[in-house]
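Trainee: I should like to learn how to read the features of a structural model, one at a time. May we work through an example together?

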Amino acid sequence: MDLRGRDFLRELDFAPEEWTYLLDLAAFLKSAPRGGGRLAGQVFALLFEKTSTRTRCAFEVAAYHEGANVTYLDPQGSQMGHKESVADTARVLARMFDGIEHRGDDHEAVTLLAENSDVPVWNGLSDLWHPTQTLADQLTLREVTGKPESEISLAYVGDGRNNVANSLLVGAALIGQDVRIVAPPQLQPAPEIVAEARRLADASGATVTITDDPAAVAGADALYTDVWVSMGEKKSAWVERIEWLMPYQVNAQLMAQAGPQAKFLHCLPAFHDQGTAVGRDIFTEFGLSELEVTDEVFESDASVVFQQAENRLHTIKAVMVATASPEVVELA
């Protein structure tokens, strides 16, 4: 599969066999010795308008493993959007770097970078999509279920209209999975996102369910949740989100409804205790020591969140190798 020179902006830009190749390549690279050198001599720009732990570390370590170097630009590290347009920034960086990663608010920004650059551009997160996360999630599901993609069922529970839910919905529909978004009516995916998922499902045989009934988790191979207030949203949003979403907290009772086989996934960070400043603030204001997931579930044997976090490295490595390597990687 030749993806050299391709951008990686959203799941919708890939055919099912291309997406599956990226998963296969990630599994291959995960099992291979470090230091493949497939990107030797290359240098990548990492543009971060939003802070990050997993995404930044995964891009940096993946590049180093394959022989590349990176330049990290934090929100104050470039003039993009301030004194220089996104399009002009792209044309400058493309003359110096072999690939550009972007993590920011507006999906239009990463799209403009791609349109104005002749090197691969990778979406590390935007307001609409989080495709590197979806790849890691699907690799994790493959590993923990031992099932082919078309036999895996996933129930996402909570805020169903954020970038993670959008990408999970479309990504699962792309490769034929049973995907369920379980969310209150106010927080279900946008109609246009659901329409795209159903279009893909018609071709792949996927099952797409959008519901406000927590009982829909029954029989799912995995339950997935995310924080209830995303980066960039106002602190005041917590009041209504807690009211709407407490019935969708992933707790022992909900896991039991899914069944004994169910695993727990979370893209992290998670508010499962008071070990964070935000968690302590929530406890002070609302008296809640746990939010989207209980500590009991987060620390249980069903939880695979740290395996999932590690897989950000392997799947991002696959994206960079597939799109920036001078040679196509043949899988053994």
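Mentor: Certainly. Let us begin with burial. Buried means under 20% relative accessible area, so Ala318, at 0% relative accessibility, counts as buried. Please keep in mind throughout that this is a predicted model.

Trainee: Where does Ala318 lie, and which residues does Ala318 touch?

Mentor: Ala318 is part of helix α12. Leaving aside residues up to four places away in sequence, Ala318 touches Leu22, Leu25, Ala26 and Leu29. Sequence separation is also instructive here: Ala318 and Leu23 stand 295 residues apart along the chain, yet their C-alpha atoms are separated by 7.8 Å.

Trainee: How should one describe the packing of two helices?

Mentor: Two packed helices are described by the angle between their axes and the distance between the axes. In this model, helix α5 (residues 131-145) and helix α12 (residues 305-324) have axes that come within 8 Å and cross at roughly 115°. The crossing of α5 past α12 is right-handed.

Trainee: Which residues of α5 and α12 meet?

Mentor: From α5, the participants are Thr132, Gln133, Leu135, Ala136, Asp137, Leu139, Thr140, Glu143 and Val144. They meet Gln307, Gln308, Asn311, Arg312, His314, Thr315, Ile316 and Val319 of α12. By character, the residues of this contact divide into six nonpolar, eight polar and three charged.

Trainee: Gln308 appears in that list. Is Gln308 buried or exposed?

Mentor: Gln308, which is found in helix α12, has a relative accessible area of 1% and is therefore buried. A buried polar side chain invites a look at its partners. The side chain of Gln308 is joined to that of Asp137 by a polar contact of 2.7 Å, and a polar contact of 3.4 Å links the side chains of Gln308 and Tyr224.

Trainee: Which residues does Gln308 touch beyond its sequence neighbours?

Mentor: With residues up to four places away in sequence not counted, Gln308 touches Gln133, Ala136, Asp137, Thr140, Tyr224, Leu265, His266 and Cys267. Among them, Gln133, Ala136, Asp137 and Thr140 also appear in the α5 side of the helix contact.

Trainee: How may one check the length of a helix, for instance α6?

Mentor: One compares an expected span with the separation of the end C-alpha atoms. At 1.5 Å a residue, the 12 residues of α6 (residues 163-174) should span 16 Å, and the end C-alpha atoms are 16 Å apart, which agrees.

Trainee: What is found at the two ends of α6?

Mentor: At the N-terminal end, Asn162 acts as a cap: one of its side-chain oxygens lies 3.2 Å from the backbone nitrogen of Val164. After α6 comes Gly176, with a positive phi near 85°.

Trainee: How many residues of α6 are buried?

Mentor: The helix is mostly covered, with 12 of its 12 residues buried. These include Asn163, Asn166 and Ser167 as well as Val164, Leu168 and Leu169.

Trainee: Let us turn to the backbone. Which residues other than glycine have a positive phi?

Mentor: Two examples are Leu125, with a positive phi of about 155°, and Leu268, with phi near 65°. Leu125 lies in strand β4 (residues 121-125), whereas Leu268 lies in the loop between β9 and α10. Leu125 is buried, with a relative accessible area of 6%, and Leu268 is likewise buried, at 12%.

Trainee: What is the geometry of the peptide bond from Leu268 to Pro269?

Mentor: That bond is cis, with omega near 0°. Pro269 is in the loop between β9 (263-266) and α10 (277-286).

Trainee: Is Glu299 buried or exposed?

Mentor: Exposed means over 50% relative accessible area, so Glu299, at 53%, counts as exposed. Glu299 is placed in the loop between α11 (295-298) and α12. Its C-alpha is 9.9 Å from that of Phe264, at a sequence separation of 35 residues.

Trainee: To conclude, where is His107, and which residues does His107 touch?

Mentor: His107 is in helix α4 (residues 107-115). At 11% relative accessibility, His107 counts as buried. Apart from residues up to four places away in sequence, His107 touches Leu9, Arg10, Asn123, Ser126, Asp127, Leu128 and Trp129.

Conventions. Residues numbered from 1 in each chain as written. Predicted model: local features only at pLDDT ≥ 70, side-chain atom pairs only at ≥ 80, totals over all residues. Heavy atoms only, no water. Helix = DSSP H or I, 4+ residues; strand = E, 2+ residues; numbered from the N terminus. Expected span 1.5 Å × (residues − 1). Buried < 20%, exposed > 50% of the residue type's maximum accessible area, 1.4 Å probe, protein only. Polar contact = N/O pair within 3.5 Å; in protein donor to acceptor, adjacent residues only side chain to side chain. Axes fitted to C-alpha atoms, helices over the stretch in contact; angles between N-to-C directions. Left-handed = near helix turned anticlockwise from the far one by under 90°. Contact = heavy atoms within 4.5 Å. Nonpolar A, V, L, I, M, F, W, Y, C, P; charged D, E, K, R; others polar.
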